[in-house]
Amino acid sequence: MTANGGPARLLRVYGLWIVLVTVVVMAAGYGVSMLAPTEYRSAAIVVVEARVRANTTPLQPEMGTEKELAQSGLVVRPAANRLGLDPGDLADGLTVSVAPDANVLTFAYDAPDADTAQRRAQALAEAYVDYRNSGELAQQSKTATAAEKATASATANAHATLVTPAYHPDQPQARPVWIDTGIGLVLGLLLGVGTALVRDRMSDRVRGRADLEKITGLTVLATVPRSRRPHGPDASRPVLLRAPESPTAESYRYLRSRLQPLLAREAAGSVLVASAHEGEGRSATAANLALAMAQAGRTVILVDADLRHPAQHTMFGLGDERGLTGVLSGEVALDDALQKGPVPRLWVLPAGAGADRVTDLLEGPRLGRILRTLRKQCDVVVLDSAAVLSVSDAIALATHSDHVLLVADYRRSTRAGVARALTELGEVVAGNVSGVLVNAPKSAGGLVPGAREGANGATPPDDDPFALLDGADERPAPAFGSATVPPALPPKAAGAASTLYTSSAAAPVKSSNTPVKAHHGPVKARANGIENGAAVPTPRGGTDGR
């Protein structure tokens, strides 16, 4: 029925439109029924009997023939002459019916007023009786001509009797409302489906995975199937925490598996998750991608850089009093703004309070220094940004990102919007852009993986989940590849607050040639340093992929 998605997609996208058109047409049918002219009906009943003659067998009248005869000009013309009407006008309101298994004709007549209906029904019934009985009279008449007697002989096999004269109707005839509304229902459905097909054909929405790749030229790394809207206290949580065994959660793990080789090939340490417009699944993709990477053993910092509509603190149940806005304005230290995520190796930098008042700071030099500092302390920085076509924030963030994920929603994204967003991003990124299509059914090229049995979102074991915060672990810092990096800073004094960074009064960093075991991921050496007035210690020691 449609190019992509079939009838199910048509009903999902245009179901409300089809219902609206159907209701409107049904209402029009009801209105027609209510506004139709009032009709009165009167009826007269005539019995047609076989004539009995001596030494003959009576023949029963053929009622089908009698019915046609009653509606013919042989009956209508005499009645019209009697009433002074045109025969065609008189015949318009006449209805002749035959009673089942009976030699009975009913002459019914519909007219705008009761007197007219009674008078015309009576005249037509009498005209039929006169015509039917005229043969008997002609044969009995001594003055009848031979031609008249011949005609009378042909029609004299039946005798008609007016048994019920036409009555005077007191109430107008009730018009069946269900007939008009039923016709409206059928016509409304046909019109609704037809216009929905036309609208779908002319729609600019993204029609599927292949369509997204065609209009953008990007590789779509993953598709996320549509899932039911969650309810309850956990409705805002990422699906990897809320339902880790679901196909939707598995799709984000698939995205992680497709993205990691690209990051390794590009030696990338930061990923910007962007979309053309709001409400296209950008924030959910960023949150679940960060969780999937952390659960795979990578140290991840998720930065909520969507200062217009921040959502990460709500999704993870964190406070937003201190965040990126405070760090950008210099009111909050970076180590005070970072918050521990719900799984080991995941840290979240919320947008912060009053985010809408400091959006211009995203285009200042301080943002680049903050992101470089964060990249030294983790494997991957995941950035959630505002919509590309809404504000310039995403473009500013793209200049500091190593890779960009452009998210499109199968239900909402338009071709023009996605193409325009890619053009805007193409001005500042060197082709390191991939696509993700969310809410995509199988019919649109979506990959719907099976649910994991017994998945609970567990992460690799961590000997000391607070080592990254406290700096108490003396093991070498993790490195991307075989590069040698300085050791962690000395442990802080007992009772000190658990943070990712120490104050500028901490002991100076001493060089060391301690070898570090290679970490899974792209080859990228990191070194400790001082950023924004704070000493930057290295996180906990390298892992073996646990």
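1. Let's start with the contact between helix 10 and helix 11. In this predicted model, helix 10 contributes Tyr252, Arg253, Leu255, Arg256, Leu259, Gln260 and Leu263, and these meet Ala284, Thr285, Asn288, Leu289, Ala292 and Met293 of helix 11. By residue type, the contact of helix 10 with helix 11 divides into eight nonpolar, three polar and two charged.

2. How do the two helices lie relative to each other? Helix 10 spans residues 247–266, helix 11 covers residues 282–295, and their axes are 9 Å apart and at an angle of about 75°. Since angles of 65 to 115 degrees count as roughly perpendicular, helix 10 is therefore roughly perpendicular to helix 11.

3. Helix 10 is also worth following onto the sheet. Eight strands make up this open sheet, with mixed pairing and the order 5-12-11-6-10-7-9-8. Its edges are strand 5 (220–224) and strand 8 (339–340), each of which pairs on one side only.

4. At the strand 5 edge, the partner is strand 12 (residues 433–438): the two pair in the parallel sense over four bridges. If you would like a residue to look at here, valine 220 has glycine 435 of strand 12 as its bridge partner.

5. Which helices should you look at against the sheet? Helix 10 lies across strand 5, strand 6 (270–275), strand 10 (380–384), strand 11 (403–409) and strand 12, and it runs at about 165° to strand 5. Helix 15 (residues 365–376) packs on the sheet too, touching strand 6, strand 7 (300–304), strand 9 (346–349) and strand 10, and its direction makes about 140° with that of strand 10.

6. A further helix pair deserves a look. Helix 8 (residues 209–216) and helix 17 (residues 415–426) have axes that come within 9 Å and cross at roughly 45°, so the two helices are oblique to each other. Their crossing is right-handed. On the helix 8 side the contact is made by Asp211, Leu212, Ile215 and Thr216, and on the helix 17 side by Arg415, Val418 and Leu422. Sorted by type, the residues of this contact are four nonpolar, one polar and two charged.

7. Turning to the hairpin of strand 2 and strand 3: strand 2 (residues 94–98) and strand 3 (residues 104–111) pair in the antiparallel sense over five bridges. Valine 96 stands opposite phenylalanine 107 in strand 3. Five residues lie between the strands of this hairpin, and aspartate 101 takes a positive phi near 55°.

8. Finally, salt bridges. How many does a search of the whole structure find? The total is 14. One to inspect is glutamate 66 with arginine 132, where the closest N and O atoms are 2.8 Å apart. This pair links distant parts of the chain, with glutamate 66 in helix 2 (residues 63–70) and arginine 132 in helix 5 (residues 114–140), 66 residues apart. In general, side chains of opposite charge can pair when their charged atoms come close.

Notes:
Residues are numbered from 1 along each chain as its sequence is written. This is a predicted model: local features need pLDDT of at least 70, side-chain atom pairs count only at pLDDT 80 or more; totals for chains, interfaces and linings use all residues. Side-chain values use heavy atoms; hydrogens and water are left out. Axes are lines fitted to C-alpha atoms, for helices over the stretch in contact, and angles run from 0 to 180 degrees between N-to-C directions. Angles under 35 degrees count as roughly parallel, over 145 as roughly antiparallel, 65 to 115 as roughly perpendicular and the rest as oblique. A crossing is left-handed if the near helix is turned anticlockwise from the far one by less than a right angle, and right-handed if clockwise. Contact means heavy atoms within 4.5 Å. Ala, Val, Leu, Ile, Met, Phe, Trp, Tyr, Cys and Pro count as nonpolar, Asp, Glu, Lys and Arg as charged, and the others, Gly among them, as polar. Two strands pair if DSSP finds at least two bridges between them. A salt bridge is a side-chain nitrogen of Lys or Arg within 4 Å of a carboxyl oxygen of Asp or Glu.
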